[in-house]
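User: Could you walk me through this model? I'd like to get a feel for it before I go back to the bench.

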Protein chains: 2
Amino acid sequence: MAFEIERKFLVIGDAWQQSISDESYIRQAYLTGRDRASIRVRIRDNRTATLTVKSRGADLKRLEFEYEIPVLEAEAMLPLRCGAIIEKRRAIVPFQGHVWEVDTFFGDNVGLVLAEIELNAVGETFARPQWIGAEVTSHASYYNSALANNPFSIWADRDHRSA
Amino acid sequence: MAFEIERKFLVIGDAWQQSISDESYIRQAYLTGRDRASIRVRIRDNRTATLTVKSRGADLKRLEFEYEIPVLEAEAMLPLRCGAIIEKRRAIVPFQGHVWEVDTFFGDNVGLVLAEIELNAVGETFARPQWIGAEVTSHASYYNSALANNPFSIWADRDHRSA
């Protein structure tokens, strides 16, 4: 059990690609629609998988429970999902003592790149790299669970939001 | 991963109580509403807990994935539920080579007693004890997930269904 404090930002340009320390390929889907819990199945690099229960809501602080599960079971759960499978490449980008996760989306969410930083406390300060754009932490449309149902490619105003 | 083949029946009288081989006290809740997956948190005897993902539907055969989780995490997930917490005492009742689970419900479902038998194949035959009443396997209102939202105590026709 853990509280997750995460802030999410749009990404400007591709300078972040010069500082990648690690990368993985993620497929994930949600087993819940509009309930209080968000339940995610995630398969990473086709090698490991997790089942994650998170409290929902625009709170900066979310309750999170994550369990390792066999990849084959995760695959078998995908047909039980709501919405589409989210596919993205996640790059780990260290910057001045913090670690950024930069997600480049594929499929129906192609064109979207988001950066997340995980903090230990709500008020924790952190340095913003130059490639960080507007904060979207509280914008529900950028939740991965929302992107599964309303992908970036069909947003009417996506050109204004891509940086 | 497993397929679960379960049949569910109403219970007549209390003769089954003479053959109980084991008993446990169950609290459980559902993290999903009306989605394709049913996701259950179950706490047994306040000592062990599971998170279970099942495919939904009136099929006799349901896909089921069950994971042991810490009791404290299960307790912390309960507030994320849809509907009420289901409370029941589960009695294990062996009968002629099969094992029946007889659930006596409490709280908002008081008055309801259901017996379930788990089978290895859809067509598997089994002996029916005298205390077994009408089959309700395909009656969605008797799903525990349905009872969490529409408990037995408010059914208009419950007197006709209790045996």
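**Strand E3 and its neighbours**

Analyst: Let's start with E3(A): 6 of its 8 residues are buried, so this strand is largely enclosed by the rest of the structure. Buried means that 20 or more other C-beta atoms lie within 10 Å of a residue's own, exposed means 12 or fewer, and partly exposed is in between, with C-beta atoms placed from the backbone. Strands (E, at least two residues) and helices (H or I, at least four) are DSSP runs, numbered from the N terminus.

User: Before we go on, what sort of model is this, and how do the numbers and letters work?

Analyst: This is a predicted model, where local features need pLDDT of at least 70, side-chain atom pairs count only at pLDDT 80 or more, and totals for chains, interfaces and linings use all residues. Residues are numbered from 1 along each chain as its sequence is written, while chains are lettered from A and ligands numbered from 1 in the order in which they are written.

User: Back to the strand. How many bridges join E2(A) to E3(A)?

Analyst: There are 5, and E2(A) and E3(A) run antiparallel. Two strands count as paired if DSSP finds at least two bridges between them. E2(A) and E3(A) make a hairpin, with 6 residues between them.

User: And in what sense do E3(A) and E4(A) pair?

Analyst: Antiparallel, over 8 bridges. Within that pairing, Ile39(A) has Val53(A) in E4(A) as its bridge partner. The hairpin of E3(A) and E4(A) has 3 residues between the strands, and Asp45(A) there takes a positive phi near 50 degrees.

User: Which residue does the UniProt "active site" annotation cover?

Analyst: According to the unreviewed UniProt entry, Tyr30(A). UniProt positions are given in the numbering used here, feature names are shortened, and annotations may be inferred rather than shown by experiment.

User: Where is Tyr30(A), and is it buried or exposed?

Analyst: Tyr30(A) is in strand E2 (residues 22-30) of chain A. It counts as buried because 26 other C-beta atoms lie within 10 Å. In E3(A), the bridge partner of Tyr30(A) is Arg40(A).

User: What else does Tyr30(A) touch?

Analyst: Leaving out residues up to four places away in sequence, Tyr30(A) touches Ser38(A), Ile39(A), Arg40(A), Arg81(A), Cys82(A), Gly83(A), Ser145(A) and Ala148(A). Contact means that the C-beta atoms of two residues, placed from the backbone, lie within 7 Å.

User: New topic: how many residues does the contact take from chain A and from chain B?

Analyst: It takes 21 residues from chain A and 21 residues from chain B. On the chain A side, strand E3 (37-44), strand E4 (48-55), strand E5 (61-69) and helix H1 (71-77) each supply at least two residues. By class, that side has 15 nonpolar, 3 polar and 3 charged residues. Ala, Val, Leu, Ile, Met, Phe, Trp, Tyr, Cys and Pro count as nonpolar, Asp, Glu, Lys and Arg as charged, and the others, Gly among them, as polar.

User: What turn lays chain A on chain B?

Analyst: A turn of 180 degrees, with a shift of 0.0 Å along the axis and an RMSD of 0.0 Å. That is the relation of a two-fold axis. The C-alpha of chain A nearest the axis belongs to Thr32(A), 2.9 Å from it. Both copies use the same surface, as 100% of the contact residues of chain A recur in chain B. The superposition is by least squares on the C-alpha atoms of residues with pLDDT of at least 70 in both copies.

User: Over to chain B. Where does Glu6(B) lie, and what does it touch?

Analyst: Glu6(B) lies in strand E1 (residues 2-11) of chain B. Beyond residues up to four places away in sequence, Glu6(B) touches Glu116(B) and Glu118(B). With 14 C-beta neighbours inside 10 Å, Glu6(B) counts as partly exposed.

User: Which residue of E8(B) stands opposite Glu6(B)?

Analyst: Glu118(B). E1(B) and strand E8 (residues 113-119) of chain B pair antiparallel over 6 bridges.

User: Last thing: what pLDDT does chain A average?

Analyst: It averages 91, and 94% of the residues score at least 70. pLDDT is the predictor's confidence in each residue, from 0 to 100. Among the elements of chain A, helix H3 (residues 158-161) has the lowest mean pLDDT (61) and strand E7 (residues 98-105) the highest (98). Where pLDDT is low, the predicted coordinates should not be read in detail. The model scores ipTM 0.84 and pTM 0.87.
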